[in-house]
Amino acid sequence: MIATLSLLPSRWLSLPRARRWGAGLLLALLAVAWLLPLVTALDPARQDLMNTLAAPSLAEPLGTDHLGRSQLARMAAAIRLSTGMALVSVLSAALPGVLLGVLAGWRGGWTDRALGLVADCVLALPGLLLVLLLAAIAPGQFWALYLGIALVLWVEYFRVVRATTRSLAASPQLQASRLLGFGPGYLLRRHLWPALAPAISTLAAFGAANAILAIAALGFVSIGLKPPTAELGLMMTDLLPYYREAPWIILQPIAVLFLLVLGCQLLAGREPQ
Amino acid sequence: MSRLTSLLLGRLLQAGLVAWGVGTLTFLLTRALPGDMAYRIAAGRYGYENVDRDAAEAVSRELALGGSPLGDYLHWLGDLARLDLGHSLVSGEAVWSEVRHQLGHSLDLAIVAVLLALLIGPPLGMLAGLRRDGWLDRANLLGAVLLRSLPSFVIGLLLIMAFSVGLGWFPAAGHGGASHAWLPALALALGLAAVSTRVARNAMAGVAGSPFHAFALTKGLSPSRVFWRHGLRNAGVPVVAYLGVQLVYLIEGVVVVESLFAWPGIGHALVHALVARDVPMVQGTALAMGLLFVALNTLVDLTCLLIDPRRRQA
């Protein structure tokens, strides 16, 4: 325990500066979003029709929307929703993506070809189109959106992991380990994982950014989640008509979406491929 | 030549996969519609007040609803294979004729967007790449990182706020004269340019650091002559190749940006059809977008072969 704690600062400092900025930005947004319900009793759903489009004040630091709902509570709920969905879809895409990638790269032959064909099927269509069609099958449901995003994301892991595994499987150090009689668990832990981990973490950060963008884009065209939900894209559509009266309100979801995606991209630490 | 045929065969396979994928998903969409599909389609056609059992049964007979799932699925794919996309459930028009019009509008928008992106992104990136770590290079990196964190529809929103609501220079939405195309095309182009400018910068920096570039300068060619003669073509290949990767961004952007600007293209139509549960139109528009994606990718591949003779062998 103490060892891991003392390790933290040095590992933290070893990250390149951009990644540290990204991590800090995301942590700040997440802290505000998750701590807010513990500190205040602001409710993202409670309307106050006598107090609509109010300017920011002490009681309502971000003002109120066109139905008098607290913007601060709604922004916090939207961040929790977007980051939560992004995290779950990235994790559930990474697991099968990495495992199948290792399997295909290791076994080669028919396994490789069959899995490659499945991946090509997914890649044949632009990702958002696939998410759009899947989300339309069950409108307003979280699982459809989540399934669509995860289905699009796993291919990235699969392709990168397969290529790395294939080149590693033929490498002399791995053959030496195999000749010494080490099992697949050891080979995976000792040889494959250290080579795969950096690429996987970068892919995860980009995947999270893409998931957040896809959720917002679908909300924006009213295909994704349905209105009472506080969601960034939906809020932009809802608040656009009030731009003249209250320009600061529509700028809030825009700024938050921008900061979330910027945080993920900086955290990824590399330009996307 | 064998390189060319294998490339075209691969893209043909991709087109087949697109058709199968879209067909299967839209079939699932018909199955997942809540309530009785016949009633819903009848409501879409005649209005909710005018739906009764006769109307629903007429719709059911006409569309052959209610067989076994597998039989329906094969029937559905068979129609698709014969390119029989049917008629829109809302307007009653043939899907093909509607899609043809919309595809034209989308292509207009996409072409203007790509041209704008090529005018903005690569020239700035190449200038930045020639002077590494100069002020232009830093500004270019900052601008690219910031722009890339904004999806195209948010760029569009900001453009509307600034240029049509604030300054009143361009119309906010709709389709008419050339002035209507500026903002949606710019919304798409800025996102594309943000990426292509960095690709061009990296490619140019690589070329500027290469021995043949140094040799061309040493033998006395002027810097501009070196750029046109030795730099541009070598740095151009990655930029064009990367356009293929960016096509995903373009097609995805078209869906949302067209909806934002009420541009009567294929993405706008797809979103409308999804909201109205107009399944034949969903299938037609999604198929058209998927095939457009494949066609543009093929075009990018062919352009790469044209620019870079090294790729034609092997």
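Colleague: What makes up 41% of the 273 residues in chain A?

Modeller: Buried residues do, in this predicted model. A residue counts as buried if 20 or more other C-beta atoms lie within 10 Å of its own.

Colleague: How many helices and strands does chain A have?

Modeller: Chain A has 10 helices and 0 strands. Its C-alpha trace spans about 75 × 50 × 30 Å along the principal axes.

Colleague: Why are α4(A) and α6(A) called oblique to each other?

Modeller: The axes of α4 (residues 109-124) and α6 (residues 142-169) of chain A cross at roughly 130 degrees. Roughly perpendicular covers 65 to 115 degrees and roughly antiparallel needs over 145. An angle of 130 falls in neither class, so α4(A) and α6(A) are oblique. The crossing is left-handed, and the axes come within 10 Å.

Colleague: Which residues make the contact of these two helices?

Modeller: From α4(A) come A:Ala119, A:Val122 and A:Leu123. From α6(A) come A:Leu151, A:Val152, A:Val155, A:Phe158 and A:Arg159. By class this contact has 7 nonpolar, no polar and 1 charged residues. Arg counts as charged, so A:Arg159 is the charged one.

Colleague: How many residues does each chain give to the contact between chains A and B?

Modeller: Chain B gives 32 residues and chain A gives 29. On the side of chain B that touches chain A, the largest share, 8 residues, comes from α1(B). That side divides into 24 nonpolar, 5 polar and 3 charged residues.

Technical notes:
Residues are numbered from 1 along each chain as its sequence is written. Chains are lettered from A and ligands numbered from 1 in the order in which they are written. This is a predicted model: local features need pLDDT of at least 70, side-chain atom pairs count only at pLDDT 80 or more; totals for chains, interfaces and linings use all residues. Two residues are in contact if their C-beta atoms, placed from the backbone, lie within 7 Å. Helices (H or I, at least four residues) and strands (E, at least two) are DSSP runs, numbered from the N terminus. A residue is buried if 20 or more other C-beta atoms lie within 10 Å of its own, exposed if 12 or fewer, and partly exposed in between; C-beta atoms are placed from the backbone. Axes are lines fitted to C-alpha atoms, for helices over the stretch in contact, and angles run from 0 to 180 degrees between N-to-C directions. Angles under 35 degrees count as roughly parallel, over 145 as roughly antiparallel, 65 to 115 as roughly perpendicular and the rest as oblique. A crossing is left-handed if the near helix is turned anticlockwise from the far one by less than a right angle, and right-handed if clockwise.
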